[in-house]
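This report describes selected helices, loops and cysteines of one protein model. Please keep the sequence and the structure at hand while reading.

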Amino acid sequence: MEKALEYGQEEQHSQYHHQQPIPLLTPYKLGNFQLSHRIVLAPLTRQRSYDNVPQPHAKLYYSQRTTKGGLLIAEATVISETARGYESTPGIWTKEQVEAWKPIVDAVHARGGIFFCQIWHVGRVSNYDFQPNGQAPISSTDKLLPSQIQADGVSVHECSPPRRLKIEEIPQIVDDFRLAAINAIEAGFDGVEIHGAHGYIIDQFLKDQINDRTDEYGGKLENRCRFALEIVEAVSTAIGPDRVGIKLSPFDDYNESGDSNPHALGLYMAEALNKYGILYCHMVKPRFWEKADYPDESLLPMRKAFKGTFIAGGGYDREDGNEAVAENRADLIAYGRFFWANPDLPKRFELNVPLNEYSRETFYTPDPVAGYTDYPFLDSSDA
């Protein structure tokens, strides 16, 4: 178990005095949505949706982390049968899944929250067991992803050799994203976030470490970005660009998804997205302990280039988030692990008090309570 930062210990020295509203707790207009603060629940895989169907316990989990005027992004949600790669992750391609999401979304709305669904295809981060008829996972490439040690540091994620998508098959995957977006709106979500990060299928096209194609979807930067932008266009046309965001991680090499020029990739995508007028771009900063040569400011050119709302995520604490907003390096800050363990994170940031410790051992367990809905609130009445 890791110990979270105890921000409250240096409260008297904080440049954000408790009587002044800290930058993270100032209101913000996100398109048609009025946010009361800048703290976003990041999309967090929890692996508690049995048989790819969201479960009733998710209703409590998300409502616990909802504040009036707060933005939540649901965990990565599978768009089709070929998109699966992990146990017990939720889907949004069947009627049963859509119906199962409705009470969860309703619970967030009942508490005044804004709720987006992250739509997801894992691509080659999968194996035969997850695929229809035991077929090969699909990707931009046929290069095998070596087995991955899971985030809990114990289990191993075995991948099977993928199959390179033919050009004529790509429109079907684009359409799967489009249909998933329509289903998300049917389930009541306020919008969708296209998962284009962390080495999953969109990133497998974007990154030159993976994409070895020689057709119009490979090679030069414009070609590698084509698939992502076709999905953005299809989803935006289906549900309206004011309901669409995308998550990108140009500096990331998770799932062996590195790129030889992440600055150029991030900037090209930020500029290209303006054509579609989407609501936001959610970009992951390089974590300093992994990429010491890429400071937080690496996202600044992308932030300046993109004309919509810019959400930054990736290892921010209270101080970093406040500074990023105060210095206009981001409009909103997405928090993951701290929100895992602190369902009342905005209140804790406001009061500048210590945070609950988070337990890695329970990040990805199937238990419907432990490490999921049992983290304590500052005020027990809030629970």
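## Helix packing and loop residues

The buried residues of α7 are covered by elements that include α4 (201–206), α5 (221–224), α6 (226–239), β12 (244–248), β13 (280–284) and α8 (300–305). Helices (H or I, at least four residues) and strands (E, at least two) are DSSP runs, numbered from the N terminus. Covering rests on contact, meaning heavy atoms within 4.5 Å. This is a predicted model, in which local features need pLDDT of at least 70 and side-chain atom pairs count only at pLDDT 80 or more, while totals for chains, interfaces and linings use all residues. Residues are numbered from 1 along each chain as its sequence is written, and side-chain values use heavy atoms, with hydrogens and water left out.

Helix α7 itself spans residues 262–273, 12 residues in total, and reaches 16 Å from its first C-alpha to its last. That is close to the 16 Å expected at 1.5 Å a residue, where the expected span is 1.5 Å times one less than the number of residues. Its buried residues are Pro262, Leu265, Gly266, Met269, Ala270, Ala272 and Leu273. Buried means under 20% relative accessible area, exposed over 50%, and partly exposed in between (1.4 Å probe, protein chains only).

α6 also packs with helix α3 (residues 170–186): their axes come within 9 Å and cross at roughly 35°. Axes here are lines fitted to C-alpha atoms, for helices over the stretch in contact, and angles run from 0 to 180 degrees between N-to-C directions. On the α3 side the contact includes Ile170, Phe177 and Arg178, and on the α6 side Phe227, Glu230 and Ile239 are among the residues met. The contact residues divide into 13 nonpolar, no polar and 2 charged. Ala, Val, Leu, Ile, Met, Phe, Trp, Tyr, Cys and Pro count as nonpolar, Asp, Glu, Lys and Arg as charged, and the others, Gly among them, as polar.

Two non-glycine loop residues have a positive phi, as tabulated.

| Residue | Phi | Loop | Relative accessibility |
|---|---|---|---|
| Gln47 | about 55° | between β3 (39–41) and α1 (57–64) | 12%, buried |
| His198 | near 60° | between β11 (191–196) and α4 | 16%, buried |

Most residues other than glycine have a negative phi.

Gly31 lies in the loop between β1 (28–30) and β2 (33–35) and is partly exposed at 34% relative accessible area. Gly31 and Arg243 are 212 residues apart in sequence and 8.6 Å apart in space, C-alpha to C-alpha.

The structure holds 0 disulfides, a disulfide being a pair of cysteine sulfur atoms within 2.5 Å. Cys159 is buried at 11% relative accessible area, and Cys225 is buried at 0%.
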